[in-house]
Amino acid sequence: MIDGGLSVLLLHAHPDDESLFTGALARRLADRGHHVHLLTATGGELGTARRRLVNRSRVRRRRLGELRRAAAVLGIESVGLLGYRDSGMPGDPAHQHAEAFVGTDLAAAATRVVAELDRVRADVLVHYDDTGIYGHPDHLMVHRVGRLAVTQTAIPSYECALEREYLAQHGPHYVEGPRAAGEPVVVGRPRAELTAVLVPSREEVAAKRDALRAHGSQLGPAVVDYPDFAARYGPEWFVRCGEAVFEQRHIVEAC
């Protein structure tokens, strides 16, 4: 614990995931004097590449620049990169790339996460649930790596998720669109399986929207200018593993 506040490490798969799934959490933590750090696994090279960025190295540079701008909006103190390559959706030939995240050695990746946890003296790790939120291979890998890192350090963790019943009422969510052809994607967990929820304030919703707007190569008006953005994209859900640190600090509410 640093200066009496929590030190929290967010582990995400691609640039924009930090804003989409934990933007309100990051802004709330920062506004309350806690220390938020981000570790992103890939450069998002296989993103949708809006604005005709077809060269994958250029896509990576663009997305990492967007990542840093979004992190500044959310009050994130440091941005680290694991340096792997985006693996693409299920069945993508990019899985076979030598640097693809899905093909990396699990223990080696977890060791690097543990090193970052030690560097920032983290009290809590935030990563993904065992569905990878929507089944993306890189998200599933983040879950496995995060779980192993937590096992090795014995720190509490919160796994990002979406509530299935809520999405049925307010969706479709942005992540319900990306999928391999013919591959149905079940997004969200049943409410009964969730542990905690963050219902953001108006200011936190605005920060989340601004952070997502920073990811202009990926996210267009359909997301950032959605009329009821607060309802569709505001809440953030978690499955807690270990001590209820965020609940004790009144950062999130128990489900």
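**Exercise 1. Secondary structure and compactness**

Task: How many helices and strands does the chain have, and why is it called as compact as a globular protein of its length?

Solution:
- The model is predicted.
- Its secondary structure comes to 10 helices and 8 strands.
- Take the radius of gyration of the chain, 17 Å, and set it beside the 18 Å that the globule rule gives for 255 residues. The two are close, so the chain is as compact as a globular protein of that length.
- For the extent, use the principal axes: the C-alpha atoms fill a box of roughly 45 × 45 × 35 Å.

**Exercise 2. Burial and contact range**

Task: What percentage of the residues is buried, and what percentage of the contacts joins residues at least 24 apart?

Solution:
- Buried means under 20% relative accessible area. Of the 255 residues, 58% are buried.
- Count contacts between residues at least 6 apart in sequence; 81% of them join residues at least 24 apart.

**Exercise 3. The largest nonpolar core**

Task: Which residues have the most contacts inside the largest nonpolar core, and which helix gives the most to it?

Solution:
- The core has 75 residues. L10, L25, V126, F238 and F246 have the most contacts inside it.
- Helix α1, residues 17–31, gives the most, with 6 residues.
- Now look at L10. Leave out residues up to four places away in sequence; its partners then include L25, V126, L38, L39 and I76. T22 and H37 are also among the residues that L10 touches.

**Exercise 4. Surface and charge**

Task: What is the accessible surface of the chain, and how far apart are the centres of its charge sets?

Solution:
- The accessible surface comes to about 10,600 Å². Carbon and sulfur atoms hold 50% of that area.
- There are 31 positive and 33 negative side chains. The centres of the two sets lie 6 Å apart.

Conventions:
Residues numbered from 1 in each chain as written. Predicted model: local features only at pLDDT ≥ 70, side-chain atom pairs only at ≥ 80, totals over all residues. Heavy atoms only, no water. Core = buried A, V, L, I, M, F, W, Y, C linked by side-chain atoms within 4.5 Å. Buried < 20%, exposed > 50% of the residue type's maximum accessible area, 1.4 Å probe, protein only. Helix = DSSP H or I, 4+ residues; strand = E, 2+ residues; numbered from the N terminus. Contact = heavy atoms within 4.5 Å. Rg over C-alpha atoms; globule rule 2.2 N^0.38 Å. Areas by Shrake-Rupley, 256 points an atom, 1.4 Å probe, with all protein chains shown as cover. Lys, Arg positive; Asp, Glu negative; His and termini not counted. Charge placed at Lys NZ, Arg CZ, Asp CG, Glu CD.
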